[in-house]
Amino acid sequence: MNVVIYARYSSHIQTEQSIEGQLQICYEFAKNNGHIVIGEYIDRAQSGTTDSRAEFQRMIADSDKHTFEGVLVYQLDRFARNRYDSAINKAKLKKNGVRVISARENISDDASGILVEGVLESMAEYYSAELSQKIRRGMDINAEKCLSNGSNPGLGYRADEERRFHIDLEGAAVVREIFEQYASGKTVTEIIQSLNARQIKTSQGKAFNKNSLHRLLRNKRYIGYYIYKGTETPGGMPRIIEDELFERVQHILDRNKKAPARSRGREEYLLTTKLFCGYCREMMTGYGGTGKSGKAYHYYACNNFKRRKCKKKVIGKEKIEDHVVLECRKLLTDSNIERIASAVADVCKTDQDTSSIKRIKAAIQEADTAIENLWKALEKGQAADMITERIEKRQHEKEELEAQLAIEMGKQVILTAPQIRAYLYSLKKGDINDENTKRGIINIFLRAVYLYDDRFTLILNGSEKPVTIDDALLDEIDEEFASAPPDCSCRGRAVLS
């Protein structure tokens, strides 16, 4: 089978060794399983919580050419840590006859394998969200002290090792010049042309344009405000511009501005790629809009219905999602939870000491040996100045390697049976109306839903028999869902086989 490799690492502080390690494992897996690697797609310093990654999108687009049948990843969280994006993009690949293969997670293609994959994806998203919360807490603490959170400080500022802000004199002079020129009547276009002609760059090292100049002119940090999550702290930043000049510029901007377009929120449709029309088997897609009264509405519609090729009626988003979640949740029995936790834990017991970690440990050992040899040479009276310099260089290299090792070790989330069990029980006993609970249950247990106007049929991961829900049972579900307390565990007939 022809495959391509997709590799990614998420942080600018990580190194190419992360990519090299992923590639090595993937090539070994391909060789051992008779796959032919015909290409690589690599995203560097790109988060898996979004699919807005250049190489990832190029890979999805290239699947239309039908030159490969598989996308080989080091492990599933390299593909995506967001279940919604994962489902969407896997569906696109599947349409082109391409499947995603994990080199480290030994997942079979049968129903139980799909179930294990669902748990791994859900927990990757869970841990990603948990990590984000910890990062946000740290950023909140920094913000209370008006310290840098690691983002670009902006033209005219710099941050020291203790994260405190200071004025960058060269950049501050440019900022003052821009404000003074705009206040004196020069247009945005004239200022941009002047800055770019002199090759003066933004704080990100790019040429100025209208957006970057407007952002600079609106930035209240230049009059001493530290801004975080919409909260402004006067005196939290070193001042570059006087209030009078700043207010004059704001008055001119307000006079010239145009009303910005309203941003539109993204509603998550939990059954995306899994909901199909029972009559024509076409996928049903989520849509939303606003009625004449201003009320927002969200629903699923058969793609053929929109083309006037199918009689299937549209259905409210919450109605069908709630029915499906409640039925899937019945699979979270104590015995099923134990079996799932055991199966997923077994998958996670693969080689924990990755090639990247082994390579870094070997490099640290090499540095230690070199330092020891240099000390011996120094004791023998060889060129002291040169050897001392080389020892310092090697010590610095070792410190950098140890930092890399800490990063690689920190990236590993080795799921244990108790952790998986606790996660599944949180889905079983959590608030049934919570979006995260619904998402986790659907991702793990639901393979497909075939929807008719009076019934629907569920194809469940881990169950060989389809579950058909008719009008009578729908009424029961409605009553059960309405009366279910947040920590309930609903009983049902569907069991894992």
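These points cover two nonpolar cores, one sheet and one helix of a predicted model.

1. The largest nonpolar core has 40 residues, and those that touch the most other members are I320, V324, L424 and L446. Two or more residues of this core come from each of the strands β9 (275-277), β11 (296-302), β13 (446-451) and β14 (456-460). The helices that also give two or more are α11 (317-329), α12 (334-348), α15 (417-429) and α16 (435-445).

2. A second core, separate from the largest one, has 33 residues. Among them are F208, L213, F246 and V249.

3. Which residues does V324 contact once its neighbours within four places in sequence are left aside? They are L271, L446, V449, F456 and L458.

4. Three strands form an open sheet with antiparallel pairing, in the order β10-β11-β12. The edges are β10 (284-290) and β12 (315-316); each has a single partner strand, so one side of each lacks a neighbour in the sheet.

5. The antiparallel pairing of β10 with β11 runs over seven bridges. Within β11, Y297 stands opposite G289.

6. Helix α7 (residues 188-197) has V188, I191, I192 and L195 buried. These residues lie on the same side of α7 because the arc they cover around the axis is only 100 degrees. Exposed residues Q193 and A197 are on the face of α7 turned away from the buried side.

7. The packing partners of the buried residues of α7 are α6 (169-183) and α8 (210-218). Q199, just after α7, takes a positive phi of about 60 degrees.

Definitions and conventions: Residues are numbered from 1 along each chain as its sequence is written. This is a predicted model: local features need pLDDT of at least 70, side-chain atom pairs count only at pLDDT 80 or more; totals for chains, interfaces and linings use all residues. Side-chain values use heavy atoms; hydrogens and water are left out. A nonpolar core is a set of buried Ala, Val, Leu, Ile, Met, Phe, Trp, Tyr and Cys residues joined through side-chain atoms within 4.5 Å. Buried means under 20% relative accessible area, exposed over 50%, partly exposed in between (1.4 Å probe, protein chains only). Helices (H or I, at least four residues) and strands (E, at least two) are DSSP runs, numbered from the N terminus. Contact means heavy atoms within 4.5 Å. Two strands pair if DSSP finds at least two bridges between them. The arc is that of the directions from the helix axis to the C-beta atoms.
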